[in-house]
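Me: I would like a close look at the nonpolar interior of this protein, taken slowly and in connected prose. Please start from the part itself and then turn to what lies around it.

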Amino acid sequence: MSDSWLERADRALLGNYYPARLTLVRGEGCRVVDDSGRSYLDLIGGIAVNSLGHCHPAVVRAIREQCGTLMHVSNLYRNPWSVRLAEALSAHLPGSRAFFCNSGAEANEAAIKLARRHAATTRGPGRDVLVSAEGSFHGRTYAALTATGQPKYREGFERLVPGFRYVPYGDLGALAAALSDDVCAVLLEPIQGESGVRLPPPGYLAGAAELCARSGALLLLDEVQTGLGRTGTFLACEAEGVLPDVVTLSKSLGGGLPLGAMLARGEAAKAFVPGSHASTFGGNPVACAAALAFLEVLESENLLSRVRETGEWFMGELRGLAARKPKVLAVRGRGLLIAVDLAVPAKEVALAAEQRGYLVNAVQEQSLRFAPPFIVTREELAGFLAALEDILA
Ligand SMILES: Cc1ncc(COP(=O)(O)O)c(C=O)c1O
């Protein structure tokens, strides 16, 4: 087998991903290495997953230790690591209890099921409509896909799950109009990540929470991309002073291992009873031990303030670049979830950046997204800014 990994991948793996240009074989801190030995600064971090950088020693240690202690037991039994993780997460959504799964889509799937069951058991039948936003992204499983307010992801997969309704993101009037008596829940991202880091107008989340409370619908916040410190607070909704009924998490939660969580509080937490929902691997000891290590480092290294400071500085520099280079049309973001709109194809810029040793993501045709590890330094980002200026010259 002398073919490259890329050629072998194209033969061996299904064609659902765009062809890749790199095969990555190693990572440490903010850098990854390809199969030719070339090193790159990773400014997308496995799509907002590698928040502590690659192979953080504390996470690696926790995983190694856990693998030699207990790897899997299923949910026929309890395990201490999932209990400790649920307790730790509950501190960030007071009064909440956790359900663990393996991905963001699964966490949203659980939230949608919980919302329907909550409405069915507390308000009676016929209240199964879920309202989500245009431009949203909630994952690829059927209910999460149906909730995803971007037709391009749904094409060819009809028929979708019945009972979903879409509203323009950021428009409280439209949300109020959509909240008829048959609505069980509203599902929103605090910032829309996949559609290009779109921030709603200030007060939108608080307004949505108020509308939900008045109508009896639950507010479900998809913090799969924005949560766990990515935007500079543990949950993005904290910055808006909003306390949702349900929060979904994944991405960096497992420190690089697959792990998702749904946190539910108040009456919503009572909607699942024994047998309502399950996942064989949910709460897996190794993934939970990795998550506990991730949370500990987040706190002990005071990374939230670092995310805020580095993010502000980086966005300021990008805005300076926009002032000098008309090809940079806009800069958006919060913390270390940032996008720039360009007057040129983002894929071409991402390729040119890759050739200069920087990994960035063309999240939309004309938008680049950055979700670097929280430990990225100003010097590293300054190197990228110089490369970007050169590319745009
Ligand atoms: C906001 C949001 N929700 C859900 C998902 C789906 O997560 P996963 O790919 O782990 O299923 C994503 C993935 O990018 C996301 O950004």
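Which residues in the largest nonpolar core touch the most other members?

Reply: In this predicted model, the largest nonpolar core holds 87 residues, and those that touch the most other members are L89, L188, L368 and F370. Helix 10, spanning residues 285-300, supplies the largest share of this core, with 12 residues. Apart from this core lies another one, made of 24 residues, including A111, L114, A185 and A269.

To take one of the highly connected members, L368 touches I338, A339, V340, L342, A346, V349, A350, V360, N361, A362, V363 and L388, once residues up to four places away in sequence are left out of the count. As a general background, nonpolar side chains in soluble globular proteins tend to be buried together.

The cysteines deserve a separate word. A search of the whole structure finds zero disulfides; C30 is in none, and the nearest cysteine sulfur, that of C55, is 12 Å away. C30 is buried, with a relative accessible area of 5%, and C101 is buried as well, at 1%. The sulfur of C101 cannot form a bond with the closest cysteine sulfur, in C288, because the two are 11 Å apart, which is too far.

As for enclosed space, the count comes to one cavity of 30 Å³ or more, and the largest cavity has a volume of about 30 Å³. Its lining is formed by H72, V73, S74, N75, N79, T280, F281, G282, G283, N284 and P285, a set that divides into three nonpolar, eight polar and no charged residues.

Methods:
Residues numbered from 1 in each chain as written. Predicted model: local features only at pLDDT ≥ 70, side-chain atom pairs only at ≥ 80, totals over all residues. Heavy atoms only, no water. 1 Å grid on protein atoms, 1.4 Å probe; cavity = no way out; pocket = protein on both sides within 12 Å on 5 of 7 lines; lining within 4 Å. Points joined across faces, edges and corners; volume = space filled by probe spheres on them. Nonpolar A, V, L, I, M, F, W, Y, C, P; charged D, E, K, R; others polar. Core = buried A, V, L, I, M, F, W, Y, C linked by side-chain atoms within 4.5 Å. Buried < 20%, exposed > 50% of the residue type's maximum accessible area, 1.4 Å probe, protein only. Helix = DSSP H or I, 4+ residues; strand = E, 2+ residues; numbered from the N terminus. Contact = heavy atoms within 4.5 Å. Disulfide = S-S within 2.5 Å.
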